[in-house]
Amino acid sequence: MNRENFFRKFDKIVEGFGEKKPRLLLHSCCGPCSSSVIELLTKHFDVTVLWYNPNLWPESEYEKRLETQKKLISCLAEDGAASQLTVLPWRSEDYFSRIKGLEHEPEEGARCLECFRLRLEETAKIASERGFDWFCTTLTVSSRKDAVAINAIGRAAAEKYGVNWLPSEFKKREGNHRSIILSEKYGLYRQEYCGCVFSLNSHGGTDE
């Protein structure tokens, strides 16, 4: 079975746009990952970045990554890739209640998929409520994340809330490499673990 070509679908969608850019709500997992994605998407969309990451632990890490996101948006705007930012408060209870029973799952397993589902459903819900034309996520820029699974979750959330999902595999076409270049250019904080308490502990940290 041939694997889906998400960028081909992306190209077909944006080719159909006129002069007016549609509104897109972009879920961002972190500043570095979002850098090349925002740079690309602002060429085709009026982009609002959504900061909703209740999986992040501890709260100090959440705040540190949020400040990095703000710094990136400011730097990109100065370079002509302007976007807006919507921030939701740190609600770790959203995450822990959603992954209950999956605490002992391995990294990149069922717990991570549920985390993706939590964040993308919230993004789709907000996109629908606030009249966005499209929504998507930066998660597919990571070489360690399954773009097929993420796009499936995105499509399901789109159907649930009645808003268009933008298919993506942002790591392709040098997207992942470009994010590294931009992170270095802007001096962004690049975290050493994915974000949740389980990934923190697996990297030798603590949950304090």
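Here is a short walk through this structure, from its sheet to its helices and then to a few single residues.

The model is a predicted one, in which local features need pLDDT of at least 70 and side-chain atom pairs count only at pLDDT 80 or more, while totals for chains, interfaces and linings use all residues. Residues are numbered from 1 along each chain as its sequence is written, and side-chain values use heavy atoms, leaving out hydrogens and water.

Let us begin with the sheet. Helices (H or I, at least four residues) and strands (E, at least two) are DSSP runs, numbered from the N terminus. Strands of a sheet pair through backbone hydrogen bonds, either parallel or antiparallel. Here, 5 strands form an open sheet in the order β3-β2-β1-β4-β5, and the pairing is parallel; two strands pair if DSSP finds at least two bridges between them. At the edges are β3 (84–87) and β5 (164–165), each of which pairs on one side only. Strand β2 (residues 46–51) runs parallel to β3 and is joined to β3 by 4 bridges. To find one of these places, look at Val49, whose bridge partner in β3 is Leu85.

Now turn to helix α2, which covers residues 31–41. Of its 11 residues, 8 are buried, so α2 is largely enclosed by the rest of the structure. Buried means under 20% relative accessible area, exposed means over 50%, and partly exposed lies in between (1.4 Å probe, protein chains only). The buried residues of α2 are Gly31, Pro32, Ser34, Ser35, Ser36, Val37, Ile38 and Leu41. They pack against α1 (6–15), β1 (23–27), β2, α3 (59–78), β4 (134–137) and α7. Ser34 makes a good example: this residue of α2 counts as buried because its relative accessibility is 0%. Apart from neighbours within four places in sequence, Ser34 is in contact (heavy atoms within 4.5 Å) with Ser28, Gln69, Leu72 and Thr138.

How do α2 and α7 (residues 175–186) pack? Their angle is about 110 degrees, and their axes are 8 Å apart. Axes are lines fitted to C-alpha atoms, for helices over the stretch in contact, and angles run from 0 to 180 degrees between N-to-C directions. The two helices are therefore roughly perpendicular to each other, a term for angles of 65 to 115 degrees. Pro32, Ser35, Ser36 and Glu39 of α2 meet Gly175, Arg178, Ser179, Leu182 and Ser183 of α7.

A second helix pair is α5 (residues 110–129) with α6 (residues 147–161), packed at about 35 degrees with axes 9 Å apart. On the α5 side the contact includes Leu113, Phe116 and Leu120, and on the α6 side Ile150, Ile153 and Ala157 are among the residues involved.

Finally, some loops deserve a look. Between β2 and α3 lies Pro58, and the peptide bond that leads to Pro58 from Trp57 is cis, with omega near -5 degrees. The loop between β5 and α7 holds Arg173 and also Glu174. Phi is positive at Arg173, near 55 degrees, in a residue other than glycine, and Glu174 likewise has a positive phi, near 65 degrees. Are these residues buried or exposed? Arg173 counts as exposed at 54% relative accessibility, and Glu174 is exposed with a relative accessible area of 55%.

How values were computed:
Angles under 35 degrees count as roughly parallel, over 145 as roughly antiparallel, 65 to 115 as roughly perpendicular and the rest as oblique.
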